[in-house]
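Subject: Structure for you to look at, with notes

Dear colleague,

I am passing on the structure we spoke about, and below it you will find my notes on what was found. Please read them with the structure open beside you.

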Amino acid sequence: MKHLILFSSLILTVGCLTSVMVVTASAYEVVDVSNAGAIMGSVSVSDMSLKDETIKPHRNQNYCGETLPAEKYLVSANGRLQNSIVMIDGITRGKPWNPREEFAITNDKCRFKPHVLVAPKGGTITLGNDDPMLHNFHFYRMLRDSDLRPMKRHLSNMALPQQGQEIRKKKILQNPGLLSLKCNAHFYMQAWVWVVEHPYAAVTLANGTFTLDGVPPGSYKLRVWHESAGEDVVDVTVESGKTASVHVTLYGQRSP
Ligand SMILES: [Cu+2]
């Protein structure tokens with residue numbers, strides 16, 4: 001693969017596991033950004049023939065439908081990718097943000113909504129079930145083994161058997177990095193949460209575009225990740241009062 005990816009600026013090795021954690025030298029600091037610039041752009045996939053999978057649920061079809069979109073490849077007509085995560089790696093100073101922000105993920109007709117989320121370390125996430133059937137929220141922390149092969153480790157598992165049920169959780173967002181969310185009752189249900197330590201992260205829209213504003217002038221590494229199309233890191237320079245344009249093409253498969 002073009003880019004052998006390290007998820008973080010510093011890899012922590014614990015035993016034989018390499019943890020997917022971004023470690024910064026200090027906590028995020030809010031500074032004056034009156035001289036800020038912005039980064040705007042898009043994420044594309046190189047192989048425009050890639051199509052999303054269609055899932056045939058093995059249970060609860062009467063409520064959830066005979067078929068469901070896997071949402072693994074949501075590609076616009078011009079090859080741009082929805083649900084890519086774009087973030088500045090390792091930035092420690094910048095615009096105000098609220099790390100105590102609250103987020104929600106719900107079950108809706110056997111799909112997690114939203115499918116991809118960025119959320120601040122230290123925030124609170126509300127897990128909800130809108131369906132009249134049991135779902136569970138099984139979070140895994142995404143890791144690399146000693147050969148940098150992807151693997152995952154159980155983080156938390158909560159069952160929500162009743163429609164309308166909600167659970168507020170802080171523990172889920174305690175550490176930075178990528179989380180995978182599965183439902184054990186419906187094998188195809190999948191969502192992703194990237195826990196971040198700064199406000200410079202976004203999920204691409206249906207047209208594959210993103211905007212990061214209020215960025216202090218400087219040179220940065222911009223990380224782009226997509227669950228099926230892989231990952232890349234590109235250089236970007238932000239100048240005061242200007243918008244840097246970044247267009248990233250991913251190569252249609254997950255990074256090694
Ligand atoms: Cu489920």
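In which sense do strand 4 (residues 37-45) and strand 22 pair, and over how many bridges? They pair in the parallel sense, over eight bridges, where strands are DSSP runs of E of at least two residues, helices are runs of H or I of at least four, and both are numbered from the N terminus. Two strands are said to pair if DSSP finds at least two bridges between them.

Before going further, please keep in mind that this is a predicted model, in which local features need pLDDT of at least 70 and side-chain atom pairs count only at pLDDT 80 or more, while totals for chains, interfaces and linings use all residues. Residues are numbered from 1 along each chain as its sequence is written.

Taken as a whole, the protein chain has one helix and 22 strands. Of its 256 residues, 34% count as buried, meaning that 20 or more other C-beta atoms, placed from the backbone, lie within 10 Å of the residue's own, whereas 12 or fewer make it exposed and anything in between partly exposed. Among contacts between residues at least 6 apart in sequence, 67% join residues at least 24 apart, a contact being a pair whose C-beta atoms, placed from the backbone, lie within 7 Å.

To return to strand 4, it belongs to an open sheet of three strands with the order 19-4-22 and mixed pairing. Strand 19 (209-215) and strand 22 are the edge strands, each pairing on one side only, and the twist from one strand to the next averages 20 degrees, taken between lines fitted to C-alpha atoms, with angles running from 0 to 180 degrees between N-to-C directions. Within this sheet, S44 has T249 in strand 22 as its bridge partner.

The loop between strand 21 and strand 22 (243-250) holds K242, which counts as exposed because it has 12 C-beta neighbours inside 10 Å. K242 and I39 are 203 residues apart in sequence, yet their C-alpha atoms are 8.6 Å apart in space.

A second open sheet has four strands in the order 18-7-20-21, paired in the antiparallel sense, and its edge strands are strand 18 (201-203) and strand 21 (230-238). Strand 20 (residues 218-226) and strand 21 are joined over nine bridges, with R223 standing opposite V233 of strand 21.

Strand 16 (residues 177-183) runs antiparallel to strand 13 (residues 135-145), with four bridges between them, and also antiparallel to strand 17 (residues 186-196), with seven. A hairpin of two residues leads from strand 16 to strand 17. S180 of strand 16 stands opposite Y140 and also has W192 in strand 17 as a bridge partner.

W192 is also one of the residues that touch the most other members of the largest nonpolar core, which has 49 residues, together with V86, L181, V193 and W194; such a core is a set of buried Ala, Val, Leu, Ile, Met, Phe, Trp, Tyr and Cys residues joined through C-beta atoms within 7 Å. Strand 17 gives the largest share of this core, seven residues. Beyond its neighbours within four places in sequence, W192 is in contact with residues including V116, L178 and E227.

Finally, strand 11 (residues 116-120) is largely enclosed by the rest of the structure, because four of its five residues are buried. Strand 11 pairs with strand 17 in the parallel sense over five bridges, and P120 stands opposite V196 in strand 17.

With best wishes

How values were computed: Two residues are in contact if their C-beta atoms, placed from the backbone, lie within 7 Å.
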